[in-house]
Amino acid sequence: MTSVRLSRRSFLAAGGGAVAVAAVAVGAGMGAAGAWPLGSSGDAGPERTMFAYVGCYTTAKREGRGQGIAVFQVDRSGRWEPVQVLPTTPNPSYLITDRAAATLYSVEGDGNRVTFFRIDRGTGHLTELGTVDTGGTNGVHLTLSPDETRLVIANYATGSIAVFPRAADGTLGERSQLVQLTGTPGPLPEDQKGPQPHQVLFDPTGRYLIVPDKGTDRLHRLGYDVAAGTLSVLGDPVLTPPGTGPRHLAYDPYLPAFYLVDELSSQVTVYHYDQQTTAVTAAAIVISRDGRFVHVSNRGHDSVASFGITPVGSLTPPVLTDTRGHQPRFMTLDPAGGTLYVANQKGDSIVAFALDPVTGRLDRRGEPIATGTPSCITFVDVP
């Protein structure tokens, strides 16, 4: 990783000046639109229960109208039914679950805590187990190590990466490491105030992380020692053009590439590094399971930009889809990969779009799901 070489190709995510783009999740290989997993014969598989967990902003600073984490049960038709609203620490801004769907983790936007919850797989209800200090402010992203023995958090406002030991029962111990990032602020003082890591994501090997730093226009390269459960900075960061504001990335499942989304320049960039390529644009980014499409949400344009991926990893011109709500901060796929859910933060809604696996087209499904200032969605699919 220390010898990583990155080459860059950029694509506009959407037209228009200061349009801010939120990274998007996409999927393919869908069965019926909206759907649940299908058996190999195409018949419906065994009965399953799916729950959706939505982090909702709560404070006046965030213009929050939520109460904490909203829990929904999702049926086969794609209808969401509320089952719990759990008041939490303020602004549960990003959520993840472990592979066993037994524990949910939430970071506190503008705060300094990570909270962990037990998931009742029968009802979907959450029970708080505890909270620990992140060692920084405004946790914006978190991830589990591949072996799930460590939890890693990006502290956006204070420019650090925190590491926590994780027990077999899902609980967290006190912070074991805090890596302080360095760098000169970018040229846009309102948005770039020094190191501002926006994502922590392990690469396909599970031994490295590339951390997009919006505040300094850099990609930091970190190594992960599996045995010790510690991170280390690997050489100099990779510099992106001034004022781009790199935010989130997604690894291509087949090509030697990863896609990075730039928030401030509203463009998608493709980088080659060892075996990965990148695409850049504002907030969150996810690639389809077959590696054919990338979807990015434009917060300033209230749209989703959908790109086709060519066999060599370049991107086709984007097709724009209206998100039917204001400021789409977050997007994700359902577990089946056939439906893209868009969280419109200032529209107090979640909107579902069926994905066409051939064309990558997005078609709106059903009515919007109402919830206060949604910032993140994660799913649990229970047999």
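Is R65 buried, partly exposed or exposed? In the predicted model analysed here, R65 is partly exposed, with a relative accessible area of 42%. The residue takes part in a salt bridge with D348, in which the closest N and O atoms are 2.7 Å apart. Because D348 lies in the loop between strand 26 (339-344) and strand 27 (349-355), and R65 in the loop between strand 3 and strand 4 (68-74), the pair ties together parts that are 283 residues apart in sequence. The acidic partner, D348, is likewise assigned to the partly exposed class, its relative accessible area being 24%.

A search of the whole structure returns 14 salt bridges, and two further examples are described here. In one of them, the side chains of D98 and R166 meet with an N to O distance of 2.7 Å. D98 is placed in the loop between strand 6 (92-97) and strand 7 (103-108), whereas R166 is placed in the loop between strand 12 (160-165) and strand 13 (177-180), so that this pair ties together parts 68 residues apart in sequence. D98 has a relative accessible area of 6% and is therefore classed as buried, the cut-off being under 20%. R166 also counts as buried, at 12% relative accessibility.

The side chains of D133 and R175 form another salt bridge, for which the N to O distance is 4.0 Å. This pair links distant parts of the chain, with D133 in strand 9 (residues 126-133) and R175 in the loop between strand 12 and strand 13, 42 residues apart. D133 counts as partly exposed at 34% relative accessibility, and for R175 the relative accessibility is 34%, which places this residue in the partly exposed class. Beyond individual pairs, salt bridges that share partners join D98, R99, E148 and R166 into one network.

Aromatic contacts were examined next. The structure holds 7 aromatic pairs. The ring centres of F72 and W80 lie 5.2 Å apart and the ring planes meet at 55°, so the pair is classed as tilted. F72 counts as buried at 6% relative accessibility, and W80 is assigned to the buried class at 8%. W80 also pairs with Y341 in a tilted arrangement, with 5.1 Å from centre to centre and 55° between the planes. The contact between W80 and Y341 links distant parts of the chain, since W80 belongs to strand 5 (residues 80-87) and Y341 to strand 26, 261 residues apart. Y341 is buried, with a relative accessibility of 1%. Taken together, ring pairs link F72, W80, Y341 and F379 into a cluster.

Strand 29 (residues 374-382) was then considered with regard to burial and pairing. Of the 9 residues in strand 29, 9 are buried, so this strand is largely enclosed by the rest of the structure. Strand 29 runs antiparallel to strand 3 (residues 49-56), to which it is joined by 8 bridges. Within this pairing, V380 of strand 29 is the bridge partner of F51.

An open sheet of 4 strands has the order 6-7-8-9, and its pairing is antiparallel. Strand 6 and strand 9 form the edges of this sheet, each pairing on one side only, and the twist from one strand to the next averages 25°. Strand 8 (residues 113-119) and strand 9 run antiparallel and are joined by 7 bridges, and the bridge partner of R118 in strand 9 is T127. Such pairing within a sheet proceeds through backbone hydrogen bonds, in either a parallel or an antiparallel manner.

A polar contact between a side chain and the backbone completes the description. H248 is located in strand 18 (residues 246-251) and is buried, with a relative accessible area of 5%. From this position, the side chain of H248 reaches the backbone oxygen of H198 at 3.1 Å.

Note on methods:
Residues numbered from 1 in each chain as written. Predicted model: local features only at pLDDT ≥ 70, side-chain atom pairs only at ≥ 80, totals over all residues. Heavy atoms only, no water. Buried < 20%, exposed > 50% of the residue type's maximum accessible area, 1.4 Å probe, protein only. Helix = DSSP H or I, 4+ residues; strand = E, 2+ residues; numbered from the N terminus. Pairing = 2+ DSSP bridges. Polar contact = N/O pair within 3.5 Å; in protein donor to acceptor, adjacent residues only side chain to side chain. Phe/Tyr/Trp six-rings, centres within 6.5 Å; stacked < 30°, edge-to-face > 60°. Axes fitted to C-alpha atoms, helices over the stretch in contact; angles between N-to-C directions.
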